[in-house]
Amino acid sequence: MNTKILFRSLIFFFFCITNINAQEVLTIEDAMKIALENNFEIKIAKNNSTISETNVTIGNAGMLPVATASITDNNSVTNSSQTRQDGTSTSLNNAKNNNLNYGVSLGWTVFDGMKMFARLDQLKELQKLGDAQLKQTILLKIAQVNSSYYDLVQQQQQLSALDTTIVISQQRLKLAQNRFSIGKASKLEVLNAQVDLNSDQVALLRQKESYANAKILLNQYLARDPKIDFKVSDLVTVDNTLVLANLMELAQKQNPGLEAQIINKRIAELQLKQVKADRYPVVNLTSGYNFTESQSSLGFTSQASSKGLNYGFNATLNIFDGFNQHRNEKVAKLEIVNSQIAIEQQNMILNTQLSTAFQTYLTNLELIGLEEDNEAIARQNLEITLDKFKIGTITTLDFRTAQLNYVNAKVRYSNAQYVAKLSEIALKELAGNMNF
């Protein structure tokens, strides 16, 4: 049988065996869906966003009246004595007294310098901030899931490469044993082949350990049982169509970190409005309906009661507070300045990260092409070397070198695809443009 055909048949055989015994394939789309449903940090961020949304009410902003029901019942037992103006006196031991008050009161702030409206707008901005923080958490976790998933793809490809080299090492050992049995090779050749096979098996065991641990880590990101077994896709598809200008434009609109800084500035501006509102009077309307009843065992009046409606208003105006109003406004204005600086800083950091990540992305795309060529050359070299080894025209050292070169080329090619995929993920995360 032609050596090249044999070589490819062995790879195909082990590929088939692997797929027969494989677990159910977990796609990247399924992994992201599971993470969105199960990940603990995403759940917490969703709840925080819901809290911010729940807080957006006119009542929380102070626009609605407040009604309060109250009841007070005071009782006493005393020894009392009284002396009247005409000189007569009276006394009573264990005199009982009771005073009962109950009713409903209503208070409503109808004007506070427009602070309540600024407060409502601020609550709405806090809701937007919660949404931005939720998006940032989701982007971070989805990026982690993607990175972990494609790390598994890379390691799975390395397992396949090591499986292939073990097949070749086993074939080499068998050839050495056959040659030794007919006197065409020394015992040393057999021993060298056995040592190299053992080394390949050790490397395979180490790779299997790394692969299993990577599965556990991905299960952690998916917030599911670490013992759940699965298989991932065999391919890494890198998007090679990304354009830096488009990414920067998207980042200005969609990057949650930048969006949060812009919202923080708006919140600071609304805080200044609320501080300035303290310069205006505060007008409150008050009303209520109350019932009062009192009983006394001693005195001119033994029982009295009253009930009825009361209403009115009060107004307050801050005339002087030790210059605190001026200080508070100055601090609020500085907070706005700081928030603008934070936006500019975030913009600079974002553009820097995009530029450096894009340069890395371009380099990694070129490396994929080079490593793919190297892998093809190393495979061809190994096929030729295997033919020569069978007829005894090269040494075992030359054959082992060709074998290791092929394995290393496959590993480098796999790693180049993985690193390029990480660059793509990082760029899309910065642009806030990851699909999930």
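Start by selecting helix H2, residues 28-38, and look at what its buried side packs on: strand S1 (25-26), H3, H4 and H5. The residues to show as sticks are Ile28, Ala31, Met32, Ile34, Ala35 and Leu36, which are buried in H2. Keep in mind as you click around that this is a predicted model.

**Step into the core.** Now bring up the largest nonpolar core, which has 45 residues. Leu26, Tyr149, Tyr150, Leu218 and Leu222 are the members that touch the most others. Which helices supply at least two residues each? They are H2, H3 (40-54), H4 (115-181), H5 (187-221) and H9 (396-430). H4 is the top contributor, giving 15 residues.

Put Leu26 at the centre of the view and show its contacts. Leaving out residues up to four places away in sequence, Leu26 touches Ala31 and Ile34, two of the buried residues you picked in H2. It also reaches Tyr149, Leu218, Leu222, Arg224, Phe230, Lys231, Val232 and Ser233.

There is another core, apart from this one, with 13 residues. To find it, select Leu242, Ala251, Ala357 and Leu427, which are among its members.

**On to a pocket.** Go back to H2 and pick Ile28 and Met32, then add Asn146, Tyr150 and Lys421: of the 17 residues lining the second largest pocket, these five lie nearest its centre. The pocket holds about 320 Å³ of space. H2, H4 and H9 are the elements that give two or more residues to the lining, and H9 gives the most, with 4. Colour the lining by character and you should get 8 nonpolar, 5 polar and 4 charged residues. Tyr150 is worth a second look, since you have already met it among the best-connected members of the largest core.

**Follow the helices.** While H9 is selected, check its length: its 35 residues reach 51 Å from first C-alpha to last, close to the 51 Å expected at 1.5 Å a residue. After H9 comes Gly432, with a positive phi near 65°.

Next select H8, residues 324-391. How far apart are its end C-alpha atoms? They are 96 Å apart, which agrees with the 100 Å that 68 residues should span at 1.5 Å a residue. H8 is followed by Gly392, and here too phi is positive, near 80°.

**A buried charge.** Jump to Glu189 in helix H5. Is Glu189 buried or exposed? It counts as buried because its relative accessible area is 13%, below the 20% cut-off. Show its surroundings and you'll find Ala176, Arg179, Phe389 and Thr396 in contact, again not counting residues up to four places away in sequence.

**Two odd backbones.** Most residues other than glycine have a negative phi, so the last two stops deserve a look at the backbone. Met114 has a positive phi of about 70° without being a glycine. You'll find Met114 in the loop between strand S3 (89-111) and H4, where it is partly exposed at 47% relative accessible area.

Finish at Phe323, in the loop between strand S6 (303-316) and H8. Its phi is positive as well, near 65°, and it is not a glycine either. Phe323 counts as exposed because its relative accessibility is 61%, over the 50% cut-off.

Notes: Residues are numbered from 1 along each chain as its sequence is written. This is a predicted model: local features need pLDDT of at least 70, side-chain atom pairs count only at pLDDT 80 or more; totals for chains, interfaces and linings use all residues. Side-chain values use heavy atoms; hydrogens and water are left out. The expected span of a helix is 1.5 Å times one less than its number of residues. A nonpolar core is a set of buried Ala, Val, Leu, Ile, Met, Phe, Trp, Tyr and Cys residues joined through side-chain atoms within 4.5 Å. Buried means under 20% relative accessible area, exposed over 50%, partly exposed in between (1.4 Å probe, protein chains only). Contact means heavy atoms within 4.5 Å. On a 1 Å grid over the protein atoms alone, a cavity is a set of points where a 1.4 Å probe fits but cannot get out, and a pocket is an open set with protein on both sides within 12 Å along at least five of seven lines; lining residues have an atom within 4 Å of a point. Grid points are joined across faces, edges and corners, and a volume is the space filled by probe spheres set on the points. Ala, Val, Leu, Ile, Met, Phe, Trp, Tyr, Cys and Pro count as nonpolar, Asp, Glu, Lys and Arg as charged, and the others, Gly among them, as polar.
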